[in-house]
Amino acid sequence: MKHVWIKGSNNRTLVMLHGTGGNEYDLIDIAKMIDPNANILSIRGNVLESGMPRFFKRIAPGVFDLDSLVDETKNLYHFLKQSEELYNIKRENMIVIGYSNGANIAGSILLHEDHPFNSAVLLRPMVPLKKNEINDLSGVHIYIIASKLDPIVKKEESEELDKMLRLRGAHSTMTWVESGHQLTMKDIELMKAWYESKVKRDI
Ligand code: MLT
């Protein structure tokens, strides 16, 4: 997959997944604000919708093409595994930070794979798909930042995702912000505080 790799000086890797119409450069500054010394692996989605990069196809806003979602979930997870060898890093030290469409594919990996990475921040996520099989996320830290004023994501969706992740054993925490779908400095402050208290204690 197209990506940017920035070598850091500690053993943590921030995996950055952009929103619809974004690219692999969008979230690099945010990654540097969260942990200036971590490795950064910032990835571009494989799919194009009217020229806008995405991580999987959709049929309409909020209506996902589930075949594409499942295929691209596998592709992204395979790429994360490949990158362990490529860059001499470990998935158990990866913190995935996804925004919007990027949060939705990160959520999909979390609903498919056992312990796919150390932890994840999901910014304005939806429930990517319903899944009855319960995989094992014990020990995985997840931080969901949602907005009650989000015109794209219903409040109940973020809450349901949080429940689905807890059911799989993840330590999932949720926080509400007052902004809409857009990220603000508040998101960065919250992420950084969570990262300092949960991730830095762990890796
Ligand atoms: C999605 O398609 O993943 C969600 O609707 C969020 C978005 O990208 O607008």
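These legends go with a set of close-up views of a predicted model.

**View A. The ligand sits among ten-odd named neighbours, listed here by residue: Thr-20, Arg-54, Phe-56, Arg-58, Gly-62, Phe-64, Ser-100, Asn-101, Asn-104 and Met-126.** Three of these side chains come up close in polar terms: Thr-20 puts a polar atom 2.4 Å from a ligand oxygen, Arg-54 has a side-chain N or O atom 2.7 Å from a ligand oxygen, and Asn-104 places a polar side-chain atom 2.8 Å from an oxygen of the ligand. On its own the ligand would expose 260 Å², and the protein buries 94% of that.

**View B. Glu-49, Arg-54 and Arg-58 share a network of salt bridges.** Two of its members should look familiar from View A, since Arg-54 and Arg-58 are among the residues around the ligand. Arg-54 also has that side-chain N or O atom 2.7 Å from a ligand oxygen. For the wider picture, a search of the whole structure turns up 12 salt bridges.

**View C. Arg-124 and Asp-187 pair up in a salt bridge, with N and O 2.9 Å apart.** Arg-124 belongs to the loop between strand 9 (119-123) and strand 10 (141-147), while Asp-187 is part of helix 5 (residues 185-202), so the bridge ties together parts that are 63 residues apart in sequence. Is this pair buried or exposed? Arg-124 is buried, at 1% relative accessible area, and Asp-187 is buried too, at 0%. The backbone deserves a look as well: Arg-124 is not a glycine, yet its phi is positive, at about 55°.

**View D. Glu-196 and Lys-200 form a salt bridge within helix 5.** The closest N and O atoms are 3.4 Å apart. The two residues are four apart in sequence, which is about one turn of the helix. Both ends are partly exposed: Glu-196 has 36% relative accessibility and Lys-200 has 34%.

**View E. Arg-91 meets Glu-84 in a salt bridge, at 3.0 Å from N to O.** Arg-91 counts as buried, with a relative accessible area of 18%. Glu-84 is partly exposed, at 22%. Arg-91 is also one of the residues touched by Asn-118, which gets its own view further on.

**View F. Arg-12 is a buried residue in the loop between strand 1 (3-6) and strand 2 (13-17).** Its relative accessible area is 10%. What does the Arg-12 side chain reach? The side chain makes a polar contact of 3.1 Å with the side chain of Tyr-195, and it reaches the backbone oxygen of Ile-203 at 3.1 Å. Beyond its sequence neighbours within four places, Arg-12 is in contact with residues including Asp-35, Ala-38, Asn-39, Asn-93, Ile-95 and Val-199. Lys-200, from the salt bridge in View D, is also among the contacts of Arg-12.

**View G. The loop between helix 3 (101-112) and strand 9 holds Asn-118 and His-115.** Asn-118 is buried, with a relative accessible area of 10%. Leaving out residues up to four places away in sequence, Asn-118 touches, among others, Arg-91, Glu-92, Asn-93, Met-94, Gly-139, Val-140, His-141, Asp-202 and Ile-203. His-115 is partly exposed, at 37%. Its phi is near 35°, a positive value in a residue other than glycine.

**View H. The largest nonpolar core has 37 residues.** Which of them touch the most other members? They are Leu-17, Ile-43, Leu-110, Leu-122 and Leu-165. Two or more residues each come from strand 2, strand 3 (39-43), helix 2 (66-87), strand 8 (94-99), helix 3, strand 9, strand 10 and helix 4 (155-167). Helix 3 gives the most, with six residues. For a feel of the packing, follow Leu-110: apart from neighbours within four places in sequence, its contacts include Pro-116, Phe-117, Ala-120, Leu-122, Leu-137, Ile-142 and Leu-165. A second, separate core has 25 residues, including Tyr-99, Val-177, Trp-194 and Val-199.

Definitions and conventions
Residues are numbered from 1 along each chain as its sequence is written. This is a predicted model: local features need pLDDT of at least 70, side-chain atom pairs count only at pLDDT 80 or more; totals for chains, interfaces and linings use all residues. Side-chain values use heavy atoms; hydrogens and water are left out. Buried means under 20% relative accessible area, exposed over 50%, partly exposed in between (1.4 Å probe, protein chains only). A polar contact is a pair of N or O atoms within 3.5 Å; within protein, one must be able to donate a hydrogen and the other to accept it, and residues adjacent in sequence count only if both atoms are side-chain atoms. Contact means heavy atoms within 4.5 Å. A salt bridge is a side-chain nitrogen of Lys or Arg within 4 Å of a carboxyl oxygen of Asp or Glu. A residue is near a molecule or strand if one of its heavy atoms lies within 4 Å of it. Accessible areas come from the Shrake-Rupley method with a 1.4 Å probe; for residues, only the protein chains shown count as cover. A nonpolar core is a set of buried Ala, Val, Leu, Ile, Met, Phe, Trp, Tyr and Cys residues joined through side-chain atoms within 4.5 Å.
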